[in-house]
Amino acid sequence: MTVDFNELSPHYATPAIKKLWHDFYHHEQIHQDIISQLPDDFDVLCQHYQHLYRHDIRDDKPLTDWLIGLFDKLYGTHTQLVHSTGEPEYFAPKNNQPAYIAFAHGFFNSALHEISHWCVAGKHRRTLDDFGYWYCPDGRDEATQKAFEQVEIKPQAIECLLNMALGRYFYVSQDNLNANFDTTNSTFAQDVYDKALLFLHQPSSLPPDARRLIWVFLSAAGFDGLTS
């Protein structure tokens, strides 16, 4: 099933979708919750991202360095975002040290994916390594794959909106390249699209940190909130 996630982009979408983004960006309660918590140098961070975006940086390092710096300003006292040379992993806070979100191989997309899981996890799961989630590696059977996809719909919908807010494309991931069954009938991509669209219609259904980061990313990308 082919799904065009660009249809959800605030920068290229239809007037109807742009109106949803406009309403989100100017939502009074969201704005009040966020504006007082922004770092003093937020304008500089936004200008830095816009510089990277205009120059179409293909190297992930400047992008991940920017993201790590922004995340540290917003959450660094209790959760830090860090490069990993291996697979992604979440390390819960221990011994009065902050938690760590380690994203895979320095990839920007991996960072956004792991941040999305962190947004979904909530207060209790953030006290557990890897949020207490089960994970079955690539090569899952059909039943296990369906269970995996159900768990992934919400975080990947948030990941989609984070990418869209930054003016980037989103690539849905079923993470099962070695499947030994027919995957063509999967509705996973459409399910993720539908959930992302539902979040735009109902911003209050987003986890608070997801709302905050989406708003921050819109600002970083220079979104002006206009619907015309």
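## Working through a predicted fold

Leaving out residues up to four places away in sequence, Trp 21 touches Leu 8, Ser 9, Pro 10, Leu 161, Met 164, Ala 165, Leu 200, Ile 214, Leu 218 and Phe 223. Keep in mind that the model is predicted. Let's take it apart in a few exercises.

**Exercise 1. Work out which residues touch the most other members of the largest nonpolar core, and find where Trp 21 fits in.**

Step 1. The largest nonpolar core holds 66 residues.

Step 2. Those that touch the most other members are Trp 21, Trp 66, Leu 67, Ile 214, Trp 215, Val 216 and Phe 217. So Trp 21 is on that list, going by the core rule of buried nonpolar residues joined through side-chain atoms within 4.5 Å.

Step 3. Ile 214 is on the list too, and Ile 214 is one of the residues that Trp 21 touches.

Step 4. For the wider setting, buried residues make up 46% of the 228 residues in the protein chain.

**Exercise 2. Lay out the secondary structure from the N terminus on.**

Step 1. Take stock: the protein chain has eight helices and three strands.

Step 2. Put them in order, and you get α-α-α-α-β-β-β-α-α-α-α.

Step 3. Now ask how far apart in sequence the contacts reach. Among contacts with a separation of 6 or more, 67% are between residues 24 or more positions apart.

**Exercise 3. Build the sheet: what is the strand order, and which strands stand at the edges?**

Step 1. The three strands form an open sheet in the order E1-E3-E2, with mixed pairing.

Step 2. Strand E1 (79–84) and strand E2 (89–91) each have a single partner strand, so they stand at the edges, and one side of each is left without a neighbour in the sheet.

Step 3. On average, neighbouring strands of this sheet are turned by 20 degrees against each other, direction ignored.

Step 4. Zoom in on one pairing: E1 and strand E3 (residues 99–104) run in the parallel sense over six bridges. His 83 stands opposite Phe 103 in E3.

Step 5. Add the helices. Helix H4 (residues 60–75) lies across E1 and E3, at about 160 degrees to E1. Helix H5 (residues 108–125) lies across E1, E2 and E3, at about 150 degrees to E3.

**Exercise 4. Classify two aromatic pairs, Tyr 49 with Trp 66 and Tyr 75 with Trp 118.**

Step 1. The count comes to 12 aromatic pairs. Tyr 49 and Trp 66 are 4.8 Å centre to centre, with 40 degrees between the planes. The cut-offs are under 30 degrees for stacked and over 60 for edge-to-face, so 40 degrees makes this pair tilted.

Step 2. Tyr 49 lies in helix H3 (residues 42–54) and Trp 66 in helix H4, so the pair ties together parts that are 17 residues apart in sequence. Tyr 49 and Trp 66 are both buried.

Step 3. Tyr 75 and Trp 118 are 4.8 Å centre to centre, but here the planes are 70 degrees apart, which makes the pair edge-to-face. This pair links distant parts of the chain, with Tyr 75 in helix H4, Trp 118 in helix H5, and their positions 43 residues apart.

Step 4. Check burial: Tyr 75 counts as buried at 2% relative accessibility, and Trp 118 is buried at a relative accessible area of 0%.

Step 5. Look for company around these rings. Arg 126 lies over the face of Trp 118, 3.8 Å from the ring centre. Ring pairs also link Tyr 49, Tyr 53, Trp 66 and Phe 217 into a cluster.

**Exercise 5. Explain what stands out about phi at Asn 96 and His 105, then say how exposed each residue is.**

Step 1. Most residues other than glycine have a negative phi.

Step 2. Asn 96 has a positive phi near 65 degrees, and His 105 has one of about 55 degrees, although neither is a glycine.

Step 3. Both sit in loops: Asn 96 between E2 and E3, His 105 between E3 and H5.

Step 4. Asn 96 is exposed, with a relative accessible area of 83%, whereas His 105 is partly exposed at 39%.

**Exercise 6. Is Ser 219 buried or exposed, and what does Ser 219 touch?**

Step 1. Ser 219 is found in helix H8 (residues 208–220).

Step 2. The relative accessible area of Ser 219 is 10%, so with a cut-off of under 20% this residue is buried.

Step 3. Not counting residues up to four places away in sequence, Ser 219 touches Tyr 25, Phe 42, Cys 46 and Gln 50.

Technical notes
Residues are numbered from 1 along each chain as its sequence is written. This is a predicted model: local features need pLDDT of at least 70, side-chain atom pairs count only at pLDDT 80 or more; totals for chains, interfaces and linings use all residues. Side-chain values use heavy atoms; hydrogens and water are left out. Two strands pair if DSSP finds at least two bridges between them. Helices (H or I, at least four residues) and strands (E, at least two) are DSSP runs, numbered from the N terminus. Axes are lines fitted to C-alpha atoms, for helices over the stretch in contact, and angles run from 0 to 180 degrees between N-to-C directions. Contact means heavy atoms within 4.5 Å. Rings of Phe, Tyr and Trp (its six-membered ring) pair if their centres lie within 6.5 Å; planes under 30 degrees apart count as stacked, over 60 as edge-to-face and the rest as tilted. Buried means under 20% relative accessible area, exposed over 50%, partly exposed in between (1.4 Å probe, protein chains only). A charge sits over a ring if NZ of Lys or CZ of Arg is within 6 Å of the ring centre and within 35 degrees of the ring normal.
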